[in-house]
Amino acid sequence: MSNDATLHSHQQELTHGAVAHDDHGNGHEHHHEDSFISKYVFSMDHKMIAKQFLITGIIWAIIGAGFSVIFRLQLAFPDTAFPWLETILGHWAKGGRITPEAYYALVTMHGTILVFFVLTAGLSGTFSNLLIPLQVGARDMASPFMNMLSYWFFFLASMVMMASLFVQTGPASGGWTAYPPLSALGDASIGSRIGMDLWLTSMALFVVSQLLGGLNYISTILNMRTKGMSMTRMPLPIWSFFFTAVLGVLSFPVLLSGFILLLFDRHAGTSFYLSELFVAGKALSNEGGSAILYQHLFWFLGHPEVYIIILPAMGMVSEVLAVNSRKPIFGYLAMVGSLFAIAILAFLVWAHHMFVTGLNPFLGAFFVLLTLLIAVPSAIKVFNWITTIWKGNIRFTPGALFSIGFVSTFISGGLTGIWLGNSSIDIHLHDTYFVIAHFHIVMGVSAFFGMFAGIYHWFPKMYSRYMNNTLGYIHFWITLVGAYCIFWPMHYEGMAGMPRRYYDYSSWESFKQFVELNKFISIVVVAVFATQLLFVFNFFYSIFKGRKLTTTNPWNATTLEWTTPIHPGHGNWPGEIPEVHRWPYDYSKDGKDFIPQTVPVSPDESKH
Amino acid sequence: MQAMSVQRKKIHPHKYSLWIAMGSISMMFIGFTSAYVVKRAQANWLAFELPHIFWISTAVILVSSGTIQMAVKQFKERNMRRYKQLITITALLGVVFAACQCFGFAQMSNHGLPLSGPVSASFIYVIVGVHMLHVLGGVVALLIMFARAYRTRVRVYSPVPIEVASLYWHFVDALWIYLLIFLSIAR
């Protein structure tokens with residue numbers, strides 16, 4: 001039994017339905033017709049799974065962002081009643097004002113949904129699935145079945161989280177970080193009851209989904225590259241998905257162990273996180289636990305998590321910028337090296353979220369140093385993006401605009417990270433709106449921009465149609481200007497000491513000055529949210545009615561995904577998988593606009 | 001067929017995925033044991049001796065690693081009867097291992113160290129318990145292999161599934177040795 005034959009039979013499974021099988025005995029071209037269920041529901045085609053992740057992510061994004069609109073209304077107009085709120089939220093908004101409990105639930109779910117369900121599953125789930133096999137030249141993932149399971153675990157996690165929104169005591173409401181004791185004691189608040197259990201169940205399922213997905217991404221990238229596709233010939237999105245998957249596979253299990261201990265504290269009477277506590281005047285039997293322990297376990301995931309969110313965006317932006325400025329990416333190896341450096345440092349900085357927990361200042365100094373070190377690879381990347389578009393022949397497609405917007409927000413959000421990384425400044429700014437402004441710009445808005453760039457750029461590959469450009473431009477400009485209008489003022493509120501997660505600032509003498517500013521922010525939020533709905537309309541309308549793709553390579557790009565047919569089947573290439581002869585960034589070389597990766601290097605070609 | 005054989009492969013993707021999964025599972029236990037170290041450095045840590053039966057379970061899981069290795073060898077030589085016997089023995093040893101761990105829990109509980117007792121005991125229950133679940137996961141995998149070996153319509157000649165299963169089995173074995181040494185030293 002040779003190993004070759006084993007692999008051979010495995011490949012047959014992989015390419016099921018796309019390629020002629022010679023063991024059917026009838027010899028002629030034979031296609032399996034997929035049923036509706038196997039094509040659209042329990043699909044094992046990475047391209048369909050990518051679409052499933054994307055559309056589920058879009059639904060979650062509308063819900064999560066919708067929650068922020070509702071709590072921003074409370075912050076802007078704390079004394080005004082909105083009767084329609086009572087219509088949709090019932091007893092959570094008695095008389096048209098949301099209750100404090102509802103406010104905390106909305107804030108918590110906004111964070112959970114956006115961080116995990118949209119920017120982790122929706123972003124890297126979509127594009128890792130779509131692009132890894134297409135850009136490395138593989139017929140599908142290493143294990144298409146596990147890939148399908150990854151989506152369906154995400155779907156289950158989504159269903160449980162969705163169910164938690166409808167239970168009588170409401171969803172989890174102790175913040176997206178679920179710190180004990182609020183998350184460990186069912187009696188601590190109404191959101192700590194069944195809602196918290198459902199939150200933990202959903203997150204455990206989510207971790208499983210991420211691990212199944214991540215295993216596949218790593219193993220596909222390392223094992224399934226086509227002939228000639230050496231690691232240093234991989235397009236940058238693939239490198240970014242690779243490091244993202246490594247981060248996820250190594251950090252999500254630690255979060256899971258933190259959650260397991262939390263579940264025992266909630267239901268088995270253990271005292272991992274709970275120490276001498278009084279609830280409603282009654283002393284609890286727990287003693288000796290450490291709430292800080294949870295924070296360590298949580299942030300050991302939590303910090304890599306922000307890079308899990310931003311790295312895929314970085315990779316896709318690199319690709320979209322190079323394609324649309326018709327220039328090679330500047331400093332390819334520096335880009336890969338900085339991704340690697342960020343991935344390593346991501347594991348060594350978690351305690352900068354915990355400077356105010358009584359952390360030893362001597363220890364804190366190390367975390368400050370390591371945190372500030374991240375500025376170096378980040379700056380290298382920013383420099384390389386700017387030099388990539390410098391003197392380029394830029395095509396301002398919506399994808400390119402969102403990529404440029406990404407660089408802008410990444411700079412302005414990243415710089416405030418240097419402030420917060422210093423423990424002495426952080427002690428003043430911790431848990432204020434300054435932090436909110438920082439991470440929303442650098443990780444929320446930037447990651448969304450990267451995601452939008454990816455959607456506009458690869459939409460033709462996903463649906464064989466284009467999205468509407470005019471709507472895309474409207475979407476871009478309102479979102480860019482709106483994002484700055486929303487988050488820039490929050491820096492000032494934060495510097496003035498305005499804490500996050502308060503229900504009503506108008507009753508505080510120190511923060512009354514911000515009443516009008518809060519109104520301004522909230523009005524912009526409504527406008528930006530409406531613009532996102534415009535994008536969603538554009539997305540779904542274009543799936544069915546968008547301008548049809550007439551060429552396989554609409555952007556004149558060099559990478560392999562554009563060598564597949566306009567409607568690629570399961571298996572991606574109808575014939576042989578193309579062989580790769582060069583790196584993916586041969587733009588404007590030797591008088592040629594672009595040279596695809598599949599073109600052999602000719603002897604008289606100049607060296608890079 | 002040539003359309004498919006152009007895809008280059010070095011190591012079977014399923015084995016590769018398992019290596020990554022083992023890294024991932026290790027991180028989970030590193031998470032647990034780091035939490036243990038942090039907690040141990042704080043006040044009111046109660047040290048106690050591990051249940052003696054854990055040494056028996058160690059012997060059991062070590063033997064089972066041997067039996068599954070022999071099963072792989074028999075499979076490759078197509079001695080299917082011996083192969084079926086060996087994976088059955090391995091799965092049974094896995095169940096015995098889990099039973100020993102549960103017995104250890106009962107011993108601890110009887111000696112005034114229940115799950116909700118001192119946190120040092122709670123850690124043992126959780127860490128050993130989660131490891132036990134991983135062993136039982138391996139048992140389920142072996143049961144599936146067993147059912148496959150009895151299929152008459154489809155015959156499996158690829159050694160990859162049993163190789164993957166044995167690699168995982170050795171991994172949970174090694175993981176247990178690590179945990180045992182860790183929990184014995186860092187009491």
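UniProt positions are given in the numbering used here, and its annotations may be inferred rather than shown by experiment. The structure shown in all views is a predicted model.

**View 1. Annotated transmembrane regions of chain B.** An unreviewed UniProt entry lists residues 16-38, 53-72, 84-108, 123-146 and 167-186 of chain B under "transmembrane region". Among them, residues 53-72 of chain B are 100% helix and 0% strand, with end C-alpha atoms 29 Å apart. Residues 123-146 of chain B are likewise 100% helix and 0% strand, and their end C-alpha atoms lie 35 Å apart.

**View 2. Helix 6 of chain B and its surroundings.** Helix 6 of chain B comprises the 26 residues 160-185; because each residue should contribute 1.5 Å, a span of 38 Å is expected, and the 37 Å between its end C-alpha atoms agrees. Its buried residues are B:I162, B:A165, B:S166, B:Y168, B:W169, B:V172, B:D173 and B:W176. The elements covering these buried residues include helix 2 (13-40), helix 3 (53-76), helix 4 (80-110) and helix 5 (119-150) of chain B.

**View 3. Helix 5 of chain A, with its kink and C-terminal end.** Helix 5 of chain A runs over residues 100-136, and its 37 residues reach 50 Å from first to last C-alpha, close to the 54 Å expected at 1.5 Å a residue. A kink of about 30° is centred on A:L114. Of the 37 residues in helix 5 of chain A, 34 are buried, so the helix is largely enclosed by the rest of the structure. Just after helix 5 of chain A, A:G137 adopts a positive phi of about 80°.

Methods:
Residues are numbered from 1 along each chain as its sequence is written. Chains are lettered from A and ligands numbered from 1 in the order in which they are written. This is a predicted model: local features need pLDDT of at least 70, side-chain atom pairs count only at pLDDT 80 or more; totals for chains, interfaces and linings use all residues. Helices (H or I, at least four residues) and strands (E, at least two) are DSSP runs, numbered from the N terminus. The expected span of a helix is 1.5 Å times one less than its number of residues. A residue is buried if 20 or more other C-beta atoms lie within 10 Å of its own, exposed if 12 or fewer, and partly exposed in between; C-beta atoms are placed from the backbone. Two residues are in contact if their C-beta atoms, placed from the backbone, lie within 7 Å. The bend at a residue is the angle between axes fitted to the seven residues ending there and the seven starting there.
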